[in-house]
Amino acid sequence: MRVDIVTIFPEAFAPLDLSILGRARERGLLEIVVWDLREFTTDRHRQVDDSPYGGGAGMVMKPEPFLAAVDAIRAAAPATSPRIILTSPQGERLTHALARRLAGEAHLVILCGHYEGIDERVGEGLAAEEISIGDYVLTGGELPAMVIVDAVARFIPGVVGDAQSVEADSFAEGLLDYPQYTRPAEFRGMKVPEVLLSGDHETIRRWRRAQRLHRTLVRRPDLLRVEGLSAEDRRLLQEFGLDIEP
Ligand code: 9D3
């Protein structure tokens, strides 16, 4: 997959050189090109923003540099027809499902918003889709762009070592993860649950599922389907003393 990112802060994307994404890029599974929006201005002051028509506080990002940047990206990758994404607090919320759909594309272009936002005609002229990463206010679209790349890249075959872990991921199944422990068996008076030391793999499997159900009921009931739990899941919670009122 190829991802082009257009931003006024190209240096903010250094984290994409590290860790799992850095390795995916080295291995050619993921190509990321970061473009400096200011390079696509034509005026002496390299101005990327201007005051809003109709008045009001703050500045709005001008349309021309974004369109010129996308023209340059299309010229650099003429074989693909990229899906164009605008980072925006007004966008569709990024979810596991949306990330997986985006991972099916050969080419994404992400335009990072700043200030009060981007001139509306950018999205219109490019038939772009707007994406938000959640209901909290950030200072710009750079972190959202990196979050989108990270969430999408995990679905590219080979990026995450264990392909099974991608599909078993908590949000794929609509359940949170069970608690994890490693050595030592006792740490500052806190013991690893006995069942995990038992070597009884079937009981461990059922304990872990009960933990996942319990945590999801308590912390994220919104993740559970309207029908609620199956009778079998209820029995599992009871077995480990984790049942809660429906
Ligand atoms: C929604 C608030 N806006 C109304 C006055 C102003 C505004 C605040 C913050 C406009 C842009 C921003 C910068 N945020 C993003 O560009 C952004 C974002 C976010 O703030 N939260 C979650 N996802 C995203 S994607 C882009």
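Guide: Quick definition before we start: buried means under 20% relative accessible area, exposed means over 50%, and partly exposed is in between, using a 1.4 Å probe and protein chains only. This is a predicted model, where local features need pLDDT of at least 70, side-chain atom pairs count only at pLDDT 80 or more, and totals for chains, interfaces and linings use all residues. Residues are numbered from 1 along each chain as its sequence is written, and side-chain values use heavy atoms, with hydrogens and water left out.

Visitor: What makes glutamate 39 count as exposed?

Guide: Its relative accessibility is 52%, and exposed means over 50%, so glutamate 39 gets that label.

Visitor: Why is the contact between arginine 46 and glutamate 39 called a salt bridge?

Guide: A salt bridge needs a side-chain nitrogen of Lys or Arg within 4 Å of a carboxyl oxygen of Asp or Glu. Here the N to O distance is 3.5 Å, so the pair fits the definition.

Visitor: And why is arginine 46 called partly exposed?

Guide: Its relative accessible area is 35%, which falls between the 20% and 50% cut-offs, so partly exposed it is.

Visitor: How do you know that aspartate 233 is buried?

Guide: Aspartate 233 comes out at 11%, and buried means under 20%, so the label fits. Its side chain also meets that of arginine 209 in a salt bridge at 3.1 Å, N to O.

Visitor: What makes arginine 209 partly exposed?

Guide: Arginine 209 has 29% relative accessibility, and that sits between 20% and 50%, so it's partly exposed.
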